[in-house]
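Thanks for asking me to look over this one. My comments are below as a short numbered list, to be read with the structure open.

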Amino acid sequence: MKLVIFGATGMVGAGVLREALAARDVEAVLSVGRRSCGVAHPKLRELLLSELFDFAAVEDQLTGHDACIWAVGISSVGLDEAAYAKVTEELTLTWARALLRLNPGLSFCYCSALGAGGRSMWARVRQRVEGSLRAMPFRHAGAVRPGFIRPGPGIRSRTRAYQAGLVLLSPLFVFVPLLLRALPGLFTTSERLGRAMLRVVEGRADRFILESADINRIGG
Ligand SMILES: NC(=O)c1ccc[n+]([C@@H]2O[C@H](COP(=O)([O-])OP(=O)(O)OC[C@H]3O[C@@H](n4cnc5c(N)ncnc54)[C@H](OP(=O)(O)O)[C@@H]3O)[C@@H](O)[C@H]2O)c1
């Protein structure tokens, strides 16, 4: 499988990238983003764009792919719906449509979030993204809705406040096996999430929306 990953500089995307590079059936990975993900690997190539909306000039580098994993995301804190939707909805769907046009038969996995089924502004935007992706003619598609994620070694959140919280909570990470058993609906790890997103684009997920317990089940 030839895979495109978005968001590999962030916590979720870095976990997916690590699992993808380790997976035997992943032949090549193209990481698209604003900054280098800082990983060197024979399977990995990076495409850096200062503005992700501006990719018309590099379309020739975007063909020949089997699947895309989308882990770009921002916090809704302090944003109105238009600003939050610009990245969460418009950027995601612009790329999803372009990649599908350039790669008929593409599979797609989207990283949503726990609570996306709710009524708040951010959840409504997420539902629109999930619904639009579900209606597109991908070969295989799905949306994961993780809750709390224990990052793998060396993986950090790009969101400063979130990273600070992770550092404070890190002593609890010794209880990961217990937390996975006791709270599978709230808690996962970047390894399980990365594997679950790969399973989605491989067509091995049994539903479109994968809540945390589903992520732990198929990514375990
Ligand atoms: N971390 C969690 O515990 C958690 C839990 C549930 C759901 N999620 C969801 O998972 C997704 C990824 O979260 P994360 O924790 O990996 O976040 P993160 O560590 O803050 O990383 C965010 C990623 O998105 C990219 N990005 C943000 N805005 C962008 C823009 N305007 N243009 C291009 N790239 C942009 C960042 O790239 P740059 O390096 O260029 O900034 C980075 O790669 C989000 O949708 C988040 O809501 C995360």
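The points go from the sheet to the helices and end at the ligand.

1. A word on the source before anything else: this is a predicted model. Please read every angle and contact that follows as a property of that predicted model.

2. Let's start with the sheet. It is open, has seven strands and runs in the order β3-β2-β1-β4-β5-β6-β9, with parallel pairing. At its edges are β3 (44-48) and β9 (209-211), each of which pairs on one side only. From one strand to the next, the twist averages 20 degrees.

3. Within the sheet, one pairing is easy to look up. Strand β1 (residues 2-6) and strand β4 (residues 67-70) are joined in the parallel sense by four bridges. If you want a pair of side chains to find on screen, try F6, which stands opposite W70 in β4.

4. Which strands does α1 lie across? They are β1, β2 (28-33), β3, β4 and β5 (107-111). Relative to β1, helix α1 runs at about 165 degrees.

5. Helix α1 also packs with another helix. Its axis and that of helix α6 (residues 190-201) come within 8 Å and cross at roughly 70 degrees. An angle of 65 to 115 degrees counts as roughly perpendicular, so α1 is roughly perpendicular to α6. The crossing of these two helices is right-handed.

6. Here are the residues behind that crossing. From α1 come M11, V12, G15, V16, R18, E19 and A20, and from α6 come S190, E191, L193, G194, R195, M197 and L198. Sorted by class, the contact of α1 with α6 holds seven nonpolar, three polar and four charged residues.

7. How do α2 and α3 lie relative to each other? The axes of helix α2 (residues 81-102) and helix α3 (residues 121-135) come within 10 Å and cross at roughly 15 degrees. Angles under 35 degrees count as roughly parallel, and α2 and α3 are therefore roughly parallel to each other. Their crossing is right-handed.

8. On the α2 side of this contact you will find E81, Y84, A85, T88, E89, T92, L93 and A96; they meet M121, W122, V125, R126, R128, V129, S132 and L133 in α3. The residues of the contact of α2 with α3 comprise nine nonpolar, three polar and four charged.

9. Finally, the ligand. There are 24 residues around it, and T9, G10, V12, G73 and R158 come nearest. V12 is also one of the α1 residues in the contact with α6. The shell around the ligand consists of 13 nonpolar, eight polar and three charged residues.

10. Where does the largest share of that shell come from? Helix α1 provides it, with three residues. Both α1 (11-22) and β7 (148-150) supply at least two residues of the shell. Helix α1 is thus a good place to begin browsing, as it also lies across β1 and contacts α6.

Notes:
Residues numbered from 1 in each chain as written. Predicted model: local features only at pLDDT ≥ 70, side-chain atom pairs only at ≥ 80, totals over all residues. Near = placed C-beta within 6 Å. Nonpolar A, V, L, I, M, F, W, Y, C, P; charged D, E, K, R; others polar. Axes fitted to C-alpha atoms, helices over the stretch in contact; angles between N-to-C directions. Parallel < 35°, antiparallel > 145°, perpendicular 65-115°, else oblique. Left-handed = near helix turned anticlockwise from the far one by under 90°. Contact = placed C-beta atoms within 7 Å. Pairing = 2+ DSSP bridges.
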